[in-house]
Amino acid sequence: MNFKHYKIRCSSLPKIVGAKGKLTQSAESYLRDLYVKEVYGRQKTLSNKYLTKGNEQEDASISLYRKVNQIFTKKNELKYANDFIEGTPDLILESRKKIVIDIKTCWDIWTYIDKDRKTAKKDYFWQVAGYSMLTGINKVQIAYTLLNNSEYEIYRQYEKAKWNLQIMEDGTEDTSEALLQLEDTVRKNNIYDDIPNKDRVKVFNFTITPSDYILIKEYVEMSREYLNGLKL
């Protein structure tokens, strides 16, 4: 396979774009996995509880964001592409104040409180910079949401906690009370309906510059060259 014109997905840009003018070891590792996927059809398992929640609750996260920010734009379904990259932004505001928005669903209240401007930039700046490059909109936003975990996840955590604490269902009153308290604790740790909506959405705004586009192009070219030099 010739990767001369291969387009990198925007969601993958944070894995390859750096500040030192060369691919890092982690970038090369990612590209080797990409090579195996594209050439040999093998892909490492990417399913985990964080991705599962993000995928399953994407629409709910977008709905919460729109409700809190009083934005009524529909979810974007259009895939954008140019000669270097491709991607599908979550929301694109085409009003007087044009902005591209990408929304992330946090796993729990502890991962949510850890999100700040610094982590948003570190984790997702190049993804939204790619969306900016594709849409021509230089104002971008990374938004985090806090949503309830599923009943299945609550049950899974409850069973794991029972095992870790060695609380066995022996029918005694003390054990039954301990299990009820444990279930209440696990449920409270995963359900956030008591927290106001406005406190369950946080946003960070960035402005993308032409120099960011140039850097993206440079790293895509480096990635293509690296991919073309790979073999089993």
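S61 is buried, with a relative accessibility of 1%. This is a predicted model. S61 sits in helix α4, which covers residues 58–69. Its side chain makes a polar contact with the side chain of T145, at 2.7 Å. Setting aside neighbours within four places in sequence, S61 is in contact with I103, T105, T145 and L147. T145 therefore appears in both descriptions: it is a polar partner, and it is in the list of contacts of S61, a residue that is buried at 1% because its value falls under 20%.

## The chain as a whole

The chain has nine helices and seven strands. Its C-alpha atoms fill a box of roughly 70 × 50 × 30 Å along the principal axes. Of the 232 residues in the chain, 41% are buried. How do the contacts spread along the sequence? Among contacts between residues at least 6 apart in sequence, 77% join residues at least 24 apart.

## Selected residues

Four residues are set side by side here.

| Residue | Location | Relative accessible area | Class |
|---|---|---|---|
| S61 | helix α4 (residues 58–69) | 1% | buried |
| N190 | helix α8 (residues 173–190) | 2% | buried |
| T111 | helix α5 (residues 109–113) | 26% | partly exposed |
| Q70 | loop between α4 and β2 | 61% | exposed |

N190 belongs to helix α8, residues 173–190. Is N190 buried or exposed? N190 is buried, because its relative accessible area of 2% is under 20%. The side chain of N190 makes a polar contact of 2.9 Å with the side chain of Q157. Beyond neighbours within four places in sequence, N190 is in contact with N148, N149, E153, I154 and Q157.

T111 lies in helix α5, residues 109–113. T111 is partly exposed, at 26% relative accessible area. A polar atom of the T111 side chain lies 3.2 Å from the backbone nitrogen of W107. How far is T111 from C10 in sequence and in space? The two residues are 101 residues apart in sequence and 23 Å apart in space, C-alpha to C-alpha.

Q70 is found in the loop between α4 and β2. Q70 is exposed, because its relative accessibility of 61% is over 50%. The phi angle of Q70 is near 55°. That is a positive value in a residue other than glycine.

## The four-stranded sheet

Strands of a sheet pair through backbone hydrogen bonds, either parallel or antiparallel. One open sheet has four strands, in the order β4-β5-β6-β7. The pairing in this sheet is mixed. Which strands form the edges? They are β4 (91–93) and β7 (201–207), and each pairs on one side only. Neighbouring strands of this sheet are turned by 25° against each other on average, direction ignored.

The pairing of β4 with β5 can be followed in detail. Strand β5 covers residues 99–106. β4 and β5 pair in the antiparallel sense, over three bridges. L93 has I99 of β5 as its bridge partner.

## The three-stranded sheet

Another open sheet has three strands, in the order β1-β3-β2. Here too the pairing is mixed. The edge strands are β1 (8–9) and β2 (80–81), each pairing on one side only. Strand β3, residues 85–87, is joined to β1 by two bridges. β1 and β3 run parallel. The bridge partner of R9 in β3 is E86.

## Two crossing helices

Helix α6 covers residues 117–135, and helix α9 covers residues 210–228. Their axes come within 10 Å and cross at roughly 105°. Why does this crossing count as roughly perpendicular? The reason is that the angle lies within the range of 65 to 115 degrees, which makes α6 roughly perpendicular to α9.

From α6, the contact is made by F125, W126, A129, G130, S132 and M133. From α9, it is made by D212, Y213, L215, I216 and K217. What kinds of residue make up the contact of α6 with α9? They divide into seven nonpolar, two polar and two charged.

How values were computed. Residues are numbered from 1 along each chain as its sequence is written. This is a predicted model: local features need pLDDT of at least 70, side-chain atom pairs count only at pLDDT 80 or more; totals for chains, interfaces and linings use all residues. Side-chain values use heavy atoms; hydrogens and water are left out. Two strands pair if DSSP finds at least two bridges between them. Axes are lines fitted to C-alpha atoms, for helices over the stretch in contact, and angles run from 0 to 180 degrees between N-to-C directions. Buried means under 20% relative accessible area, exposed over 50%, partly exposed in between (1.4 Å probe, protein chains only). A polar contact is a pair of N or O atoms within 3.5 Å; within protein, one must be able to donate a hydrogen and the other to accept it, and residues adjacent in sequence count only if both atoms are side-chain atoms. Contact means heavy atoms within 4.5 Å. Angles under 35 degrees count as roughly parallel, over 145 as roughly antiparallel, 65 to 115 as roughly perpendicular and the rest as oblique. Ala, Val, Leu, Ile, Met, Phe, Trp, Tyr, Cys and Pro count as nonpolar, Asp, Glu, Lys and Arg as charged, and the others, Gly among them, as polar.
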